[in-house]
Amino acid sequence: MSPERDLRLVPSSGGGGVDVDVLLGQVARGDNQAFSALYDEISAAVFGLARRVVRDPARAEDVTQEVFMEIWRKAARFDRSMGKAKTWIMTIAHRRAVDAVRRTESQRRQDQHTAPDEVTHDQPADALIRAEEHGTVRECLETLTELQLESVRLAYFNGYTYAEVASLLDRPLPTIKTRMRDGLIRLRDCLEGVS
Amino acid sequence: MSTDLHTLSGAYALNALTADEAQEFGTHIEACPACRLEVAEFQQVVAKWGATEALQPPAHLKSRVLAAVDREPQLPPLLPSAQEQEVVSDSEGRRPKWFPRLVAAAAALAAIAVGSFAFDQLNEPDSELAAGVTRVFDAEDASVTTMPTEDGSEISVATSPSLNRMAVDTHELPSLSDQQVYQLWAIERGEATSRGVLSDPDEGAAMGLPDEDVTVAITIEPEGGSQRPTTEPIMSVEASEV
């Protein structure tokens with residue numbers, strides 16, 4: 001949760017990070033150079049998430065492009081009272097990735113379910129930062145119950161609706177609904193406690 | 001219902017609701033600050049989680065994105081002071097209550113051809129608008145429609161494809177107080193743009209022929225005009241094809 005960590009989450013060149021919130025403010029005023037710097041700063045996070053959700057690298061590139069177009073168009077409408085720029089961008093990225101997945105036919109989604117989770121990271125963005133920040137997230141994920149983790153994971157990384165998750169895990173809808181919320185509460189509290 | 005709805009905050013932050021459910025919940029949290037806060041916290045949590053998957057995109061993607069952005073306009077900020085000024089600015093939902101009537105009125109009206117959409121500077125003093133208006137009404141191929149306004153008077157609209165012009169004759173409109181003006185609007189896909197203040201209704205106004213999906217409306221605004229319509233239009237017409 002410390003600002004320092006957010007700034008340095010995915011640096012472009014291993015040096016000191018650039019403040020995504022500051023960059024987004026400059027982008028809102030039509031600054032192309034700031035947009036280029038913003039891309040360097042956060043494209044790995046956006047592309048990685050898109051790749052994980054849509055799986056196909058070419059489609060992940062399309063999603064990434066869509067995300068940056070939306071950032072450019074809506075930068076002036078970003079409401080910093082609602083959270084950090086990075087959260088805003090990742091929220092856009094996830095929504096667009098999920099939209100892309102839901103546009104595909106059911107067969108494709110079936111394939112995804114039977115072959116889950118094996119995305120190779122041949123080019124890690126920054127090993128040191130990943131170890132620090134991402135290790136914390138992974139530790140916190142381990143505090144979730146099995147059902148909480150599965151529910152949240154299938155929704156977030158596979159783009160399933162909670163009704164689809166309930167069907168996959170063979171549990172009642174209200175159970176999955178509350179497990180998702182409880183899981184996120186536990187994750188939130190753990191991350192707050194760590195930082 | 002609200003207790004049940006509240007528990008959807010987790011699924012909402014995970015984008016795990018159907019479009020209909022997400023819309024319903026989105027409406028719900030507008031009136032529920034606690035839900036909004038919870039969703040914001042969840043979104044921050046999953047953003048951190050999502051970032052653990054970071055992966056450098058191929059180098060060619062950056063030039064593609066920068067080139068695409070080069071052709072893309074930016075949206076203006078939403079002005080915090082002006083709830084009412086936003087009435088027709090948000091194409092994703094909030095529309096003024098007069099909007100359906102406006103569309104219905106537009107559908108019922110005779111319509112106009114296609115063309116570019118640039119209104120003249122209506123508020124320039126000593127402009128030649130009156131002559132420009134007459135020219136459109138007098139054109140050989142002019143088609144003229146007269147329609148009643150909400151306040152009981154009437155307005156005539158003329159279009160001339162050969163001149164590629166549209167004109168409104170507003171001399172029947174009642175005089176306004178010094179603190180009020182008539183203002184012209186172009187409404188396209190829910191977005192209202194001012195096309196100028198009618199400095200003198202007796203002179204009418206002329207403009208380029210609007211695109212077919214543009215609605216032209218007139219409202220009464222405070223002196224100097226407004227950024228967005230703040231009152232219901234006294235007339236509106238859609239420039240759709242005949």
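**Exercise 1.** Which residues of helix α2 (residues 20-28) of chain A are buried?

*Solution.* This is a predicted model; local features need pLDDT of at least 70, side-chain atom pairs count only at pLDDT 80 or more, and totals for chains, interfaces and linings use all residues. Residues are numbered from 1 along each chain as its sequence is written, and side-chain values use heavy atoms, without hydrogens and water.

Step 1: take buried as under 20% relative accessible area (1.4 Å probe, protein chains only). Helices are DSSP runs (H or I, at least four residues), numbered from the N terminus.
Step 2: the buried set is A:Val20, A:Asp21, A:Leu23, A:Leu24, A:Gly25 and A:Val27.
Step 3: their cover includes α3 (32-54), α4 (57-74) and α5 (85-103) of chain A.

**Exercise 2.** Describe what flanks α2(A).

*Solution.* Step 1: at the N-terminal end, A:Asp19 is the cap. One of its side-chain oxygens lies 2.8 Å from the backbone nitrogen of A:Asp21.
Step 2: A:Gly30 follows the helix, with a positive phi near 85 degrees.

**Exercise 3.** Analyse the packing of α3(A) against helix α5 (residues 60-70) of chain B.

*Solution.* Step 1: the angle is about 145 degrees and the axes are 11 Å apart. Axes are lines fitted to C-alpha atoms over the stretch in contact, and angles run from 0 to 180 degrees between N-to-C directions.
Step 2: α3(A) contributes A:Asn32, A:Phe35, A:Ser36, A:Tyr39 and A:Asp40 to the contact. α5(B) contributes B:Leu61, B:Lys62, B:Val65, B:Leu66, B:Val69 and B:Asp70. Contact means heavy atoms within 4.5 Å.

Terms used:
Chains lettered and ligands numbered in written order. Buried < 20%, exposed > 50% of the residue type's maximum accessible area, 1.4 Å probe, protein only. Helix = DSSP H or I, 4+ residues; strand = E, 2+ residues; numbered from the N terminus. Polar contact = N/O pair within 3.5 Å; in protein donor to acceptor, adjacent residues only side chain to side chain.
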